[in-house]
Amino acid sequence: NAEQLKSALNKLDGQKYGTYKQLKGTYQFDRFKLAIDHVQVDPYAPPSKMRIIMNRDTAGIPAELLDSKDKIIAVADFLTRAFGESIKKHKNGAKMNSKNIKILIDRPGEEILERTSVVIGEHELEVRFEVGLPAAGRRILGKAAADIITGILPKIADDSLLYQNLDQKGLEKQVSLVLDQMHIRQVLNQKNLVAFVANGAILPRNSGVSDKPLEGAVPFSSPDNLKVTIDLPSGNAVTGMGIAEGITLIVGGGYHGKSTLLQALERGVYNHVPGDGREMVITRSDAAKIRAEDGRNIEKVNISTFINNLPAKKDTRAFSTENASGSTSQAANVMEALESDASLLLIDEDTSATNFMIRDARMQKLIAPDKEPITPFSEKVKPLYDDENVSTILIVGGSGDYFDVADQVLMMDEYRLKDVTDAAKEIAASDADKKGNMSDEKFGEISQRIPLKSGFSKSGKDDRLKAKGRTTIMYGKEPIELAGLEQLVDDSQTNCIAVMIDYLRHNVLDDTLTLSEAFDQVYKHMERNGLDALSPYSGHPGNLARPRKQEFIGALNRYRGFKIKG
Ligand code: ADP
Ligand code: MG
C-alpha cells in the first residue's frame, strides 16, 4: 500500500538509479490504486509511466454526464486538463525544490479529442501520466520520490478527479457544448450543408504560434441570405452562416481574412473547448484540406483526371515519383482525399500551385491543349460535384476563372463576409473570354489502391515506428514527413497513427483490401476495444489521440517505402 511504498522509497535513497526498477507494481492509496507500469532506466530516459485507477463512485461524477461515448470524451478531456492544471498548482506550492518535481500528463490543445490520457469505464476512471523519478547524479533521491508520489500526487488527484473539487459548471458546460457541436455536424448532413459558422465566432488566432483566440478580433457575421438557425440539444439556438453543398468561392483583397476563415473551417472537423472562439464553427467531419506539397513521394496514384501527356510519356494513371512538383503533388492530394472518402475539399490559393488551380484564356490561346499536361482544377471542380457529389470551398483572390462554376461567391471585406454571387455571375456572363464547354467535362477515374504488406518489411531495429512530435513518424531510420497534413493537430494523434500503422501491417494488410477498407478494419478494432488496444504496452498505453481517416491514410501516402499492388 501507500505506506509501504513510502518506506520503500525512503530506503532507496542514495542507491543506484537502476534500483528504482523494483517499484514496478500496484499500490493501494486512500482513494485510488497507483499502478507503476514502467520505470525509467536512468534520470535522462523518458519519465516513468504510471496510472491512477479510481472508482467512479469515489470520483463522484454524475452518471448523467457519462451516459454516452460523446459525453465520456468530453469529460475525459476536461479531467485531463484539470489534472494538468492541478500538477502546475501543486508543483508551485510544494515545499521541496520544484525543479525535482516532474509530473506530466498529455496536453490537449484547443480541440477535444478522444484520448488515452483519461479513460472512463463502467466502474473505474483511469488517469495515465508520467513521473520523472528524482536523482542526484545517478543516485536515487528517495525522500524526494516519496514526497512526490505519496505526498503530492494524491493531492493532485483529489483536486482534479473528485467531483466535489472540480469546476462543476465548467464540466457541465463542456459536455453540453460537445453535444451541441456533434448535433450541428449531424444537422449539416440533413440540410445539405457542408459547414456552419456561427455569428459571433472568433476565427483569427492570437499568433502563428498560439492557437488561442485573437483579442479584439472582428466577430464573424453571416451574409443575410446564408443565415440558418439551428436548435441545439442544450435548449439554445444558434444562428450563423450555412455553406451549402456545391462550389463555394471565397474572394477578396489580400489581408482581408480569407485564409483565416478557411483555417477555421479546416479545424471545424473537430470539436473545440469553451472559450476557443470556434466552438460553433462546424465542418463535415470528412473535410480535407488540399494543398501543394512539392517534394513529397507519390506511389501509383491515378492523377490522370488532372494530368496527362507528361513529357517522356510517364503514365499518370499510376503515377509515382519521389519528388513531386507543386501541381502533381496537389493533384495527388486531391485524388488521395477522394480515395479516403472526403466529401468536402478545402483549398487556399496561398498553399496552391497556380498552374493546378487556373489557366487563363490567354494562356490557353498560346499553348495548345495537347502541349499542356495539366487540366486545371477550375475545369474539374464542377464535374467533381456533379459526378462524385464532392463539394469544394476554395479561396481564389486573383482570378475570375471560377466565377462560371461557383454556386456561390463570397467576398471577405475587412473581415466581413458578403455574398457577391450575382455580381460575379454577371461579370462571367458578359466576358468575351469566358470559358467554353467546362460543364461537359467528366471528372474521371478515382482509383482505389491496394497497399501491399511487403511495403512494411523492414528488419531488426529498423522495424519500429515512433512518432517524433506532430509532424514526423520515424520508421526505423526513415522519417515519414507529415507537415503537409494540416488537419493533423496534436502530437498524440501522430503517436496514434504510428501504432495504427503497426497494427495495420501486422493484422490487417493482406494484399486484397483497399486503403480505405484497410483503414476501416483498424478503425473497427479501435471502436470495439478502445485506443488502448493499439498500444504495444500493457498498462499505460502512451499518449494517443484519435486521428481521422484522412490523416491516417495521408500518413501512409507519405511513407516513401509504401508499395501498391499492380
Ligand atoms: P487573407 O487570406 O485574406 O490574405 P488572412 O486570413 O491571412 O487574410 O488574414 C490577415 C490578417 O488579418 C491575419 O493576421 C489575421 O490574424 C487577421 N484577421 C483575420 N480575421 C480577422 C478578424 N475577424 N478580426 C481581426 N483580425 C483578423
Ligand atoms: Mg490568404
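L345 stands opposite T392, a residue of strand β22. That little pairing belongs to a bigger one: β21 and β22 are joined by five bridges and run parallel. Keep in mind that you're looking at a predicted model.

Strand β22 has another partner too. Strand β15 (residues 247–251) is joined to β22 by four bridges, and these two run parallel as well. Here T248 is the residue that sits opposite I393 of β22.

So how many residues of strand β22 are buried? Five of the five, over residues 391–395, so the strand is largely enclosed by the rest of the structure. A residue counts as buried when its relative accessible area is under 20%. You can also sort the side chains by direction: S391, I393 and I395 point one way from β22, T392 and L394 point the other way, and all are buried. That pattern fits a rule worth remembering. In a regular strand, side chains alternate between the two faces of the sheet.

**The magnesium ion**

Which residues coordinate the magnesium ion, ligand 2? They are S259, through its OG atom, and D350, through its OD atom, at 2.1 to 2.2 Å. S259 lies in helix α6 (residues 258–267), while D350 is in the loop between β21 (344–348) and α8 (354–357), so the pair ties together parts that are 91 residues apart in sequence. Are the two residues buried or exposed? S259 counts as buried at 17% relative accessibility, whereas D350 is exposed, with a relative accessible area of 54%.

**An open sheet**

Now for a sheet with antiparallel pairing. Four strands make up this open sheet, in the order β13-β14-β10-β17. At the edges stand β13 (227–231) and β17 (281–283), each with a single partner strand, so one side of each is left without a neighbour in the sheet. On average, neighbouring strands here are turned by 35° against each other, direction ignored.

Take a look at the pair β10 and β14. Five bridges link β10 (residues 193–198) to β14 (residues 237–244), and the two strands run antiparallel. One of the residues involved is L193, whose bridge partner in β14 is A244.

**Pockets and cavities**

There's some empty space to explore as well. The second largest pocket has a volume of about 760 Å³. Of the 25 residues that line this pocket, M182, V269, S285, Y523 and R546 are the closest to its centre. Helices α3 (69–93), α5 (168–190), α13 (515–529) and α14 (549–557) each supply at least two lining residues. Which element gives the largest share? That's α5, with five residues. By type, the lining of this pocket divides into 10 nonpolar, five polar and 10 charged residues.

The structure also holds three cavities of 30 Å³ or more. The largest cavity contains about 190 Å³ of space. It has 20 lining residues, and those nearest its centre are A288, K289, L485, Q550 and R558. Its lining draws at least two residues from each of β18 (288–290), α7 and α14, and α14 gives the most, with five residues. Sorted by type, the lining of the largest cavity has five nonpolar, seven polar and eight charged residues.

The second largest cavity has about 50 Å³ of space. Its lining is made of K300, V301, N302, M335, E339, I446, S447 and R449. The elements that give two or more residues to this lining are β19 (298–301) and α7. The lining of the second largest cavity splits into three nonpolar, two polar and three charged residues.

**Two positive phi angles**

Finally, here are two residues that aren't glycines but have a positive phi.

| Residue | Phi | Location | Relative accessible area |
|---|---|---|---|
| D341 | about 70° | loop between α7 (326–339) and β21 | 39%, partly exposed |
| E414 | near 50° | loop between β23 (408–413) and β24 (416–419) | 54%, exposed |

**A long stretch**

Want a sense of distance? K89 is in helix α3 and is exposed, with a relative accessible area of 51%. From K89 to M411 there are 322 residues in sequence and 47 Å in space, C-alpha to C-alpha.

Notes:
Residues numbered from 1 in each chain as written. Chains lettered and ligands numbered in written order. Predicted model: local features only at pLDDT ≥ 70, side-chain atom pairs only at ≥ 80, totals over all residues. Heavy atoms only, no water. Donors = N, O, S within 2.8 Å, 3.2 Å for Na, K, Ca; no water. Buried < 20%, exposed > 50% of the residue type's maximum accessible area, 1.4 Å probe, protein only. Pairing = 2+ DSSP bridges. Axes fitted to C-alpha atoms, helices over the stretch in contact; angles between N-to-C directions. 1 Å grid on protein atoms, 1.4 Å probe; cavity = no way out; pocket = protein on both sides within 12 Å on 5 of 7 lines; lining within 4 Å. Points joined across faces, edges and corners; volume = space filled by probe spheres on them. Nonpolar A, V, L, I, M, F, W, Y, C, P; charged D, E, K, R; others polar.
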